[in-house]
Amino acid sequence: MSSRIFSAANIGLNSHLIEVEADVSAGLPNFLIVGLPDAAVSEAKERVRSAIKNADLLFPRTKTTVNLAPADLKKIGPSFDLPIAVAILTTRKQIKLTEADQRALFIGELSLDGSLRPVNGILSIAESMAKQGLKRIYLPQENATEAGLINNLEIFPVNNLRQLVEHLNGHEQINKLQPQPLPPFLPTEPRILLSQIKGQEQVKRALIIAAAGYHNLLMSGPPGSGKTLLAKALTGLLPPLSLEEALEVSKIYSLSGLLPKNQPLLYARPFRSPHHTASGIALVGGGAFPKPGEITLAHRGILFLDELPEFPRQVLESLRQPLEDGLVTISRTATTVQFPAKFTLIATANPCPCGFLTDADRQCTCSLGQIRNYQKKLSGPLLDRIDLHVEVPRLKTEELLANISESTGNQEILIKIQTAQKIQIARLGERGLFYNSEMDHRLTEQFCRLDEAGQQLIKQALVKYQLSARGYYKILKISRTIADLEASETIKLQHLAEALQYRQNILSTE
Ligand SMILES: Nc1ncnc2c1ncn2[C@@H]1O[C@H](COP(=O)(O)OP(=O)(O)OP(=O)(O)O)[C@@H](O)[C@H]1O
Ligand SMILES: [Mg+2]
């Protein structure tokens, strides 16, 4: 006697339909799961056996074989417990599936007492189900609101195996999840506001430009000048994610098991700040079954790397490809997975080990060799990918003793940034892009035209600073964002001149 039901597996953010087949035949008691199961799937045996017994149902006392097909697809995690149990119970007609339920998807981890535990990655599964025209899904209660974000699905939240069996046999109905309105965005008060930071007006301006067009930014300066503080204030300048972006980001967090309970849709723009001791895999993603790293968790948000030169050089170099392409490709023997990684890099650095190389009043105590070694950690190609380079000088005495100015309200700045972003989305939306930093060189040429004077200025800059092609386009894109902040359709000379200021490599000792 055999049966077949459906489940799904995630490979990266893509979901694949899995057929769970069970066969119960005469022979010595034996329970086998085949079809490339990982350790968690093999452990499913013990969980499924106990859950079936504890739900007052019969586990076959003969030879039981479960096959997860297609066999060449790696199956990860415990989400196959429920479909395995249902498939086994269907063979001996302890469950009689209706036609609609034969085409339903079953997902969930079982605990030994038969209750269902939530699993990761439901949002991508629900989304790809809807795309493939599948309708019905049985899943753990705690995952239901997450799946409910996707329209046109019949979602049945299940508490335990016994309850599901009663429902499938038509005895006691489980209520379908009713369509829910999308959860609202609840803004939280940022911990530090820009106006509470003294002085550093040029850096604040650079932060606003970075936030408006999602440009990468490097702040360099002596210790204690406020670099970390300024970066943290950026959280208060980030408009919430659009619905489209929120779904993208929530899928990633769902896969990583990081979605907060009862909050299936993340609107707050990610702000990730991994420590410099983080491994390459933690930062970029990977593992035998590739998992998203910090750069993917920072997708559509900020990756804040404090003390950039302290990160191992190899780890920093691995950021080069994602910074360019907005995605990361992880190849393993079993699979190749791509994760989105459109993040904005905000980094801080001291100019040398003692930190006072660029300080006008304090003597730097580092030797030339030490300075070279320190700066060598940041390779040219990495620095070239950073759009805005700003110096954060030590505060002057009068700036430090001044009262905190509350003049520029955070809300006003946020509105200005949001307005600039709306202009960008209106311009780029039909090409599937949102922000200026996402433009490729063709779009940059198209939307960042300079007048005669502008062309003259950039020509001089190209010669003076020996700019790379990337540097050239980055300057144009920053000028575009500066113009958008003023709602100016054309890029004026002052916009370009300001953009050029941020491109001088302040880490260079030459
Ligand atoms: N511009 C500022 N306005 C108000 N407080 C400041 C300012 N700059 C620094 N501070 C104070 O000094 C502390 C240290 O600043 P912060 O950690 O940002 O320095 P940093 O530039 O990151 O130094 P380091 O290079 O050592 O990491 C802050 O927590 C804050 O209390
Ligand atoms: Mg710091």
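These are my notebook entries on helix contacts, a ligand site and a few backbone details in a predicted model.

**Entry 1: α17 and α20**

I began with helix α17, which covers residues 410-428, and helix α20, which covers residues 469-485. How do their axes cross? I found that the axes come within 8 Å and cross at roughly 120 degrees. That angle makes α17 oblique to α20. To be sure of the word, I checked the cut-off: roughly perpendicular stops at 115 degrees and roughly antiparallel starts over 145, so an angle between those limits counts as oblique. I noted the hand of this crossing as right-handed.

Next I listed who touches whom. From α17 I wrote down K416, I417, A420, I423, Q424 and R427. From α20 I wrote down R480, T481, D484 and L485. I then sorted the contact of α17 with α20 by class. I got four nonpolar, two polar and four charged residues.

**Entry 2: α7 and α17**

I stayed with α17 and looked at helix α7, residues 201-213. The axes of α7 and α17 come within 8 Å too, and they cross at roughly 40 degrees. This makes α7 oblique to α17. I checked the limit here as well: roughly parallel needs an angle under 35 degrees, so this pair does not qualify. The crossing of α7 and α17 is right-handed.

Which residues make the contact? On α7 I found R205, I208, A211, A212 and G213. On α17 I found I413, K416, I417, A420, Q421 and Q424. By class, I noted six nonpolar, three polar and two charged residues for α7 with α17.

I went back to my list for α20. K416, I417, A420 and Q424 of α17 are among the residues that touch α20. Those four residues of α17 are also among the ones in the contact with α7.

**Entry 3: α20 and α21**

I then followed α20 to helix α21, residues 493-501. Their axes come within 8 Å and cross at roughly 125 degrees. I wrote "oblique" for α20 and α21. I marked this crossing as right-handed.

In α20, I saw I475, I478, S479, I482 and A483 at the contact. They meet H495, L496, E498, A499 and L500 in α21. The class count for α20 with α21 is seven nonpolar, two polar and one charged residues.

**Entry 4: ligand 1**

How many residues surround ligand 1? I counted 13. The closest are K198, G224, K227, T228 and L229.

I looked up some distances to oxygen atoms of the ligand. For G224, a backbone N or O atom lies 2.8 Å from a ligand oxygen. For S225, a polar backbone atom is 3.2 Å from a ligand oxygen. For K227, the side chain supplies the N or O atom, and the distance to a ligand oxygen is 2.7 Å.

**Entry 5: L395 and its contacts**

Where does L395 lie? I found L395 in the loop between β18 (388-391) and α16 (397-401). Leaving out residues up to four places away in sequence, L395 touches K198, G199, Q200 and L400. I recognised K198 from the ligand entry, where K198 is one of the closest residues to ligand 1.

I also checked L395 against S479, a residue from my α20 list. The two are 84 residues apart in sequence. In space they are 28 Å apart, C-alpha to C-alpha.

**Entry 6: backbone details**

Q200 touches L395, and I looked at its backbone next. Q200 sits in the loop between α6 (161-168) and α7. Its phi is near 55 degrees, a positive value in a residue other than glycine.

Last, I turned to P70, in the loop between β4 (63-69) and α2 (81-91). Is the peptide bond joining A69 and P70 cis or trans? I noted cis, with omega about 0 degrees.

Terms used. Residues are numbered from 1 along each chain as its sequence is written. Chains are lettered from A and ligands numbered from 1 in the order in which they are written. This is a predicted model: local features need pLDDT of at least 70, side-chain atom pairs count only at pLDDT 80 or more; totals for chains, interfaces and linings use all residues. Side-chain values use heavy atoms; hydrogens and water are left out. Axes are lines fitted to C-alpha atoms, for helices over the stretch in contact, and angles run from 0 to 180 degrees between N-to-C directions. Helices (H or I, at least four residues) and strands (E, at least two) are DSSP runs, numbered from the N terminus. Angles under 35 degrees count as roughly parallel, over 145 as roughly antiparallel, 65 to 115 as roughly perpendicular and the rest as oblique. A crossing is left-handed if the near helix is turned anticlockwise from the far one by less than a right angle, and right-handed if clockwise. Contact means heavy atoms within 4.5 Å. Ala, Val, Leu, Ile, Met, Phe, Trp, Tyr, Cys and Pro count as nonpolar, Asp, Glu, Lys and Arg as charged, and the others, Gly among them, as polar. A residue is near a molecule or strand if one of its heavy atoms lies within 4 Å of it. A polar contact is a pair of N or O atoms within 3.5 Å; within protein, one must be able to donate a hydrogen and the other to accept it, and residues adjacent in sequence count only if both atoms are side-chain atoms.
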